[in-house]
Amino acid sequence: MSDPDGRPGARWRRPALWVAVVLVFALGVGFLARPQGQRATSLQRSSLRTTPDGVAALARAIEHLGRHTHPRTTPLADADPVRGTIVLLRPQLFATPREVQALLDHVRDGGTLLYSPFFSPSVPYPLETPLADSLGVYFRERSPLEEFRGDSLRHAEWTDHALTEGLGPPGRVDHGFRVLGVDDDSVAARVGDVQRLLTTKDSDEDTWTAAAELGLGEGRVVMLTSAEPLSNGRAGDDPLAVLAVRAALAHTALDDTVFFAEYHQRIRGSLTRAQAIRNFFLDSPGGRALLHLIVLSFLILACVGLRFGAPMPRVAPPDRERRSPLEHVSALGDLYRKAGASHTAALRLLSRLARAARHPPPRDRAEANAMLRKLATSEGRNSPLDKVRQGLGDEPPNLPAIAAGIDEHLARRSSP
């Protein structure tokens, strides 16, 4: 690859080309790194995710068994009325007091809430939220030693209930909860009947609840301490996922819908590929690091390609006037001499003679001698062209003799 002047690889030194290369590379990395399939950059219990952390398998199981499912990407208040069964699993965006009020009104009117609180590995217990407080639920705090050793609660077992009938042995249970006014009668109960589905014990043999149905008005809240057993990566091996499917089927009418609260998973709608790439560059640590490298590359390329004004000689002429043709030719001759390009200068001089004779300019010494022999056929010895040929044969070429011979030849042609 070469430019018009014959310099190899000149095109690859153009900053604009490298800017395009960096941009295409960055977009390609962002496209390949977007979360999909078996890859995810954050933990979300979303029915739209087929990654191990999502709950798409739970939603598809409910749909397959005869109940409509739908992702809800709007808040629980100031939007469409809350209806059907609401599934709220490890919400990253906590329900506001107004949303809690709308949600509890829905349950009191006969609706169902399948709820699992948010739990962060950096906190030894689920965070207190307006929803948990309204239900009067408090959670067992795990000790630092339990967190360090990864201990789970012991003696987990199902209770006698229609939703637990025929289930296999329960899986690992890490957290438990109790209900004020029922397990602790120091205050008035905020919910009605509590039907425990899964219980467990701690090291002190105190009983805690891991899954339960909390009666509230005409409806109920199916409470689970963890949504991990419902995830795509665990649902096939943990019977708690079967219990969740049974609860959705039992408490949802055939003509009603099971809504997954995607808004509280920070999902406002289906992402386009462009939005997925944008989220990668702005919301993930690796994406932000790559974005900084791209910006730095653009700055370097901008500095490399920036022109700082027109080229100027080191010492400007005192009178700042343009050079005369003679000065220009002298300077050009000095450049050829310093560069050791006498042969190139001689061929440049012969280009003038070739144009006058309507002959292609010679590209090397052999073509120049052939042109001179052709033009000198009608002239004798010691003719101007003979002097040009002799000057061209010198080493280095005698440029003044070549120029003088060409001038003399052209002068004779133009004279009558």
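**Group meeting: salt bridges, a patch and a cavity**

Okay, let's start with the charged side chains: R140, E146 and D202 are tied together in a network of salt bridges. Before I go on, remember that this is a predicted model.

So, how many salt bridges does a search of the whole structure find? Eleven. I'll walk through a few of them.

Staying with the network, D202 and R140 meet through their side chains, at 3.9 Å from N to O. That pair links distant parts of the chain: D202 is in the loop between β7 and β8 (207-216), R140 is in the loop between β4 and α5, and they are 62 residues apart. Buried or exposed, these two? Both D202 and R140 are buried.

Now look at R142, which is also in the loop between β4 (137-139) and α5 (144-149). R142 counts as buried because its relative accessibility is 4%, and the cut-off for buried is under 20%. What does its side chain reach? One partner is the backbone oxygen of E146, at 3.3 Å. Yes, that's the E146 from the salt-bridge network, but here it's the backbone oxygen that R142 reaches. Then there's D174: its backbone oxygen sits 3.1 Å from a polar atom of the R142 side chain. So for R142 I'd have you pull up both of those backbone oxygens, E146 and D174.

Next salt bridge: D133 with R190, side chain to side chain, 3.5 Å from N to O. This one also joins distant parts of the chain, with D133 in helix α4 (residues 130-135) and R190 in the loop between β6 (177-179) and β7 (194-201), 57 residues apart. As for exposure, D133 has a relative accessible area of 47%, so it's partly exposed. R190 comes out at 40%, so it is partly exposed too.

One more pair, E228 and R234, with the closest N and O atoms 3.4 Å apart. E228 is at 37% relative accessibility and therefore counts as partly exposed. R234, at 25%, is partly exposed as well. In general terms, side chains of opposite charge can pair when their charged atoms come close.

Let's leave the charges and go to the surface. Which residues make the nonpolar surface patch? They are L293, V295, L296, L299 and I300, and the patch covers about 480 Å². If you want a residue to click on, V295 is in helix α8 (residues 285-305). V295 counts as partly exposed because its relative accessibility is 42%.

And now the inside. With a threshold of 30 Å³ or more, the search of the whole structure turns up two cavities. How much space lies in the largest one? About 50 Å³. Its lining is made up of L88, P91, F94, A95, Y115, T129, P130 and L131. P130 and L131 are numbers you may recognise, since helix α4 spans residues 130-135.

Last stop, T51, in the loop between α1 (15-32) and α2 (56-64). With a relative accessible area of 4%, T51 is buried. Its side chain makes a polar contact with the side chain of D53, at 2.5 Å.

Right, that's my tour. If you open the model afterwards, I'd begin again at R140, E146 and D202, the linked salt bridges, and then step across to R142 in the loop between β4 and α5. Thanks, everyone.

Note on methods:
Residues are numbered from 1 along each chain as its sequence is written. This is a predicted model: local features need pLDDT of at least 70, side-chain atom pairs count only at pLDDT 80 or more; totals for chains, interfaces and linings use all residues. Side-chain values use heavy atoms; hydrogens and water are left out. Helices (H or I, at least four residues) and strands (E, at least two) are DSSP runs, numbered from the N terminus. Buried means under 20% relative accessible area, exposed over 50%, partly exposed in between (1.4 Å probe, protein chains only). A polar contact is a pair of N or O atoms within 3.5 Å; within protein, one must be able to donate a hydrogen and the other to accept it, and residues adjacent in sequence count only if both atoms are side-chain atoms. A salt bridge is a side-chain nitrogen of Lys or Arg within 4 Å of a carboxyl oxygen of Asp or Glu. Patches are made of residues with over 30% relative accessible area and no salt bridge: like charges are joined within 9 Å, nonpolar side chains (Val, Leu, Ile, Met, Phe, Trp, Tyr) within 5 Å. Accessible areas come from the Shrake-Rupley method with a 1.4 Å probe; for residues, only the protein chains shown count as cover. On a 1 Å grid over the protein atoms alone, a cavity is a set of points where a 1.4 Å probe fits but cannot get out, and a pocket is an open set with protein on both sides within 12 Å along at least five of seven lines; lining residues have an atom within 4 Å of a point. Grid points are joined across faces, edges and corners, and a volume is the space filled by probe spheres set on the points.
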